[in-house]
Amino acid sequence: MATMLVTGAFGYSGRHVAERLLAAGHRVRTLTRSTGRAHPFGDAVEVFPLDFERPASLREALDGVDVFVNTYWVRFTRAGFSHAEAVRNTRLLFQAAQEAGVGRVVHVSITNPSLDSPYSYFRGKAELEEALVATGLPHTILRPAVLFGGADILLNNIAWMLRTLPIIGIFGDGRYELQPIHVADFADLIVEEAGGSGARVVDAIGPETYAYADLVRLVGRLIGCDRRQLRVPRWVGLTTATVMGWWLRDVVLTGPEIDALMDGLLATDGPPTGSTRLSEWVSAHADTLGARYAHELDRRRDRKTAYA
């Protein structure tokens, strides 16, 4: 039996990871700012406050930990959180893990990170990969593209828009690719890598690769809302997303997210590491997928931080 610490064990992917670790008989801890958040684990998960203003408390949480699973990050820069702040905070987590003598780190990054990236998301992830390597701790860096399944944002809200709007705008030619991985497959991969050794980097991608326009068309057909696609310039798509954000009181898409998608940064040449086919999963969940809009900012207000 090992002691595992998962950031955001009450969140999206973290909850799946915690479930698997507990089922395998491990002791599980979490660092979270949502210490009072409802969760299904009862007293089985030991809860520590995620307080970056008190680095000593991070070290205390990591003392005696065999494997540290880090999913902490923020999706976009906005008042109250930013990629730069997330980089600073994650460096504090790595430092605490190093000082506590953690045996292994499994860290969630992103496909195609680069120190030269024009996007702070991908640049920040590259900086953190370097920072983790510099600690000298045994580790696995996982590079997921897009997660789907359960309470995901992207796929659910594509389906919601297909159910809500008469026409769907597609940025540019729509041929840029992405490789979604099911959240359960991703959690299985994290648990597998928690038992590994040495240092390695793994692309966390599913078995199917889609051009964005084809993905939208597939989802529409499977949920019974096969809408006409309208090719639009980036600025039109961003303006539409911004207006919808005002209406929904949320951030639907940001300019950098659109640009990174159109640059093909959510696909790689690596072999698939997940087995769940998105097409089969959507077909099995066609009645409920997109029935309600998944509100990103409401989730952030609930948990006060973000996780993969």
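Buried means under 20% relative accessible area, exposed means over 50%, and partly exposed lies in between (1.4 Å probe, protein chains only). The model used here is predicted, so local features need pLDDT of at least 70 and side-chain atom pairs count only at pLDDT 80 or more, while totals for chains, interfaces and linings use all residues. Residues are numbered from 1 along each chain as its sequence is written, and side-chain values use heavy atoms, with hydrogens and water left out.

**Exercise 1. The salt bridge of glutamate 257**

Task: Find the salt-bridge partner of glutamate 257 and classify both residues by accessibility.

Solution:
- Step 1. Start with the criterion: a salt bridge is a side-chain nitrogen of Lys or Arg within 4 Å of a carboxyl oxygen of Asp or Glu. A search of the whole structure with it gives 13 salt bridges.
- Step 2. Glutamate 257 pairs with arginine 75, and their closest N and O atoms are 2.6 Å apart. This pair links distant parts of the chain, 182 residues apart: glutamate 257 sits in helix α9, arginine 75 in the loop between β4 (67-70) and α3 (83-100). Helices (H or I, at least four residues) and strands (E, at least two) are DSSP runs, numbered from the N terminus.
- Step 3. Glutamate 257 counts as partly exposed because its relative accessibility is 21%. Arginine 75, at 18%, counts as buried.
- Step 4. Look for further partners: Arg75, Glu257 and Glu296 are linked in a network of salt bridges.

**Exercise 2. The surroundings of helix α9**

Task: List the buried residues of α9 and say what covers them.

Solution:
- Step 1. Helix α9 spans residues 255-262, and Gly255, Ile258, Asp259, Ala260 and Leu261 are buried in it.
- Step 2. The cover over these buried residues includes α4 (120-135), β8 (167-171), α7 (212-222) and α8 (234-248).
- Step 3. Aspartate 259 also has a salt-bridge partner, arginine 234, with an N to O distance of 2.5 Å. The two are 25 residues apart and link distant parts of the chain, aspartate 259 being in helix α9 and arginine 234 in helix α8. Arginine 234 is partly exposed, with a relative accessible area of 32%.
- Step 4. Just after α9, glycine 264 adopts a positive phi of about 75 degrees.

**Exercise 3. Two crossing helices**

Task: Describe how α5 and α7 cross and which classes of residue make the contact.

Solution:
- Step 1. The axes of α5 (residues 154-164) and α7 come within 10 Å and cross at roughly 65 degrees. Axes are lines fitted to C-alpha atoms, for helices over the stretch in contact, and angles run from 0 to 180 degrees between N-to-C directions.
- Step 2. On the α5 side, the contact (heavy atoms within 4.5 Å) is made by Leu155, Ile158, Ala159 and Leu162. On the α7 side, the residues are Tyr212, Leu215, Val216, Val219 and Gly220.
- Step 3. By class, this contact has 8 nonpolar, 1 polar and no charged residues.

**Exercise 4. The seven-stranded sheet**

Task: Give the strand order of the sheet, identify its edges, and place helices on it.

Solution:
- Step 1. The open sheet has 7 strands in the order β3-β2-β1-β4-β5-β6-β11, with parallel pairing. Two strands pair if DSSP finds at least two bridges between them.
- Step 2. β3 (45-49) and β11 (199-204) each have a single partner strand and stand at the edges, so one side of each is left without a neighbour in the sheet. On average, neighbouring strands are turned by 15 degrees against each other, direction ignored.
- Step 3. Check two of the pairings. Strand β2 (residues 27-32) runs parallel to β3 and is joined to it by 5 bridges, with phenylalanine 48 in β3 as the bridge partner of leucine 31. β5 and β6 pair in the parallel sense over 4 bridges, and histidine 139 in β6 is the bridge partner of valine 105.
- Step 4. Add the helices. Helix α2 (residues 55-62) lies across β1 (3-7), β2, β3 and β4, at about 165 degrees to β2. Helix α6 (residues 183-194) touches β1, β4, β5 (104-108), β6 (139-144) and β11, and its direction makes about 155 degrees with that of β5.
- Step 5. Finish with β6: 5 of its 6 residues are buried, so β6 is largely enclosed by the rest of the structure.

Note on methods
Nonpolar A, V, L, I, M, F, W, Y, C, P; charged D, E, K, R; others polar.
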